[in-house]
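I set out to record what I looked up in this structure, entry by entry. The strands come before the side chains.

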Amino acid sequence: MKKSFLLILISLLLPWTVLADARWDLLTSKVTTEGFQQDTGYGIYSTLTAITQIDDRGSHQADYISGVGGFDQNDVFVAGRFELVSEQWMKDANGNWDVDQWLFRVSVEGELDWGARYRLVETERGNVISHDAIPVTAGELAQALERQLQQWYRRTQP
């Protein structure tokens, strides 16, 4: 009985796994073929950008997803990993930028390799006043990455 229940449960979950993989594959394909490419010294980045205005003071949400890799013998970009950055830029009472930043490094298979959260305060001219790590759990990182991926899936649907 337990074995039958387990097989039924696994069979019900498989379509969701395939769907998630298909969306990841579509997203990473768009990143590598349609992204803005730039050689940075840390590798060649192919990046999609989404910036959304929050208010009339200039506050905005800035999201980036990059494939990091190089070109194969056929001059086709191939990613060795993906990086996601999510930043919410808000004006503080002093006119400085208060930035809530999430960083993620993800394998080509879509697995979270590393992540972090920071709070930055910057002047209008871009001088960094403070740059502090915000402690997060592995679960919080996984949830934040999932939110980012869901937004990117919606943005890149055909």
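Entry 1, strand pairing. I looked up the residue facing Val121 and found Ser130 of β7 opposite Val121. The model is a predicted one, and I read each entry with that in mind. Strand β6, residues 112–122, pairs with β7 in the antiparallel sense, and I noted 5 bridges for the two.

Entry 2, the sheet. I then followed the sheet as a whole: it is open and has 7 strands, ordered β1-β2-β3-β4-β5-β6-β7, with antiparallel pairing. Which strands stand at the edges? I found β1 (36–39) and β7 (128–133) there; each has a single partner strand, so one side of each lacks a neighbour in the sheet. For the turn between neighbouring strands of this sheet, direction ignored, I recorded an average of 25°.

Entry 3, the helix on the sheet. I looked up what helix α2 (residues 138–156) touches, and it packs on the sheet with contacts to β2 (44–53), β3 (60–71), β4 (77–91), β5 (97–106) and β6. The direction of α2 makes about 90° with that of β5.

Entry 4, aromatic pairs. I obtained a count of 4 aromatic pairs. In one of them, Phe71 and Phe77 have ring centres 5.6 Å apart and planes at 75°, so I entered the pair as edge-to-face. Are its two members buried or exposed? Phe71 has 40% relative accessibility and counts as partly exposed, while Phe77, at 7%, counts as buried. I also looked up Trp102 and Phe104, which form a stacked pair with 6.1 Å from centre to centre and 5° between the planes. Trp102 is buried at 11% relative accessibility, and Phe104 is buried with a relative accessible area of 3%.

Entry 5, charges over rings. I found Lys91 over the face of Trp97, 4.3 Å from the ring centre. Arg155 lies over the face of Trp152, at 4.6 Å from the ring centre.

Entry 6, Thr40. I located Thr40 in the loop between β1 and β2. Its relative accessible area is 33%, so I list Thr40 as partly exposed, the band between 20% and 50%. What does the side chain of Thr40 reach? I noted the backbone nitrogen of Tyr42 at 3.1 Å and the backbone oxygen of Gly43 at 2.9 Å. I last looked up Thr40 against Val68: they are 28 residues apart in sequence, and their C-alpha atoms are 9.9 Å apart in space.

Methods:
Residues are numbered from 1 along each chain as its sequence is written. This is a predicted model: local features need pLDDT of at least 70, side-chain atom pairs count only at pLDDT 80 or more; totals for chains, interfaces and linings use all residues. Side-chain values use heavy atoms; hydrogens and water are left out. Rings of Phe, Tyr and Trp (its six-membered ring) pair if their centres lie within 6.5 Å; planes under 30 degrees apart count as stacked, over 60 as edge-to-face and the rest as tilted. Buried means under 20% relative accessible area, exposed over 50%, partly exposed in between (1.4 Å probe, protein chains only). A charge sits over a ring if NZ of Lys or CZ of Arg is within 6 Å of the ring centre and within 35 degrees of the ring normal. Two strands pair if DSSP finds at least two bridges between them. Helices (H or I, at least four residues) and strands (E, at least two) are DSSP runs, numbered from the N terminus. Axes are lines fitted to C-alpha atoms, for helices over the stretch in contact, and angles run from 0 to 180 degrees between N-to-C directions. Contact means heavy atoms within 4.5 Å. A polar contact is a pair of N or O atoms within 3.5 Å; within protein, one must be able to donate a hydrogen and the other to accept it, and residues adjacent in sequence count only if both atoms are side-chain atoms.
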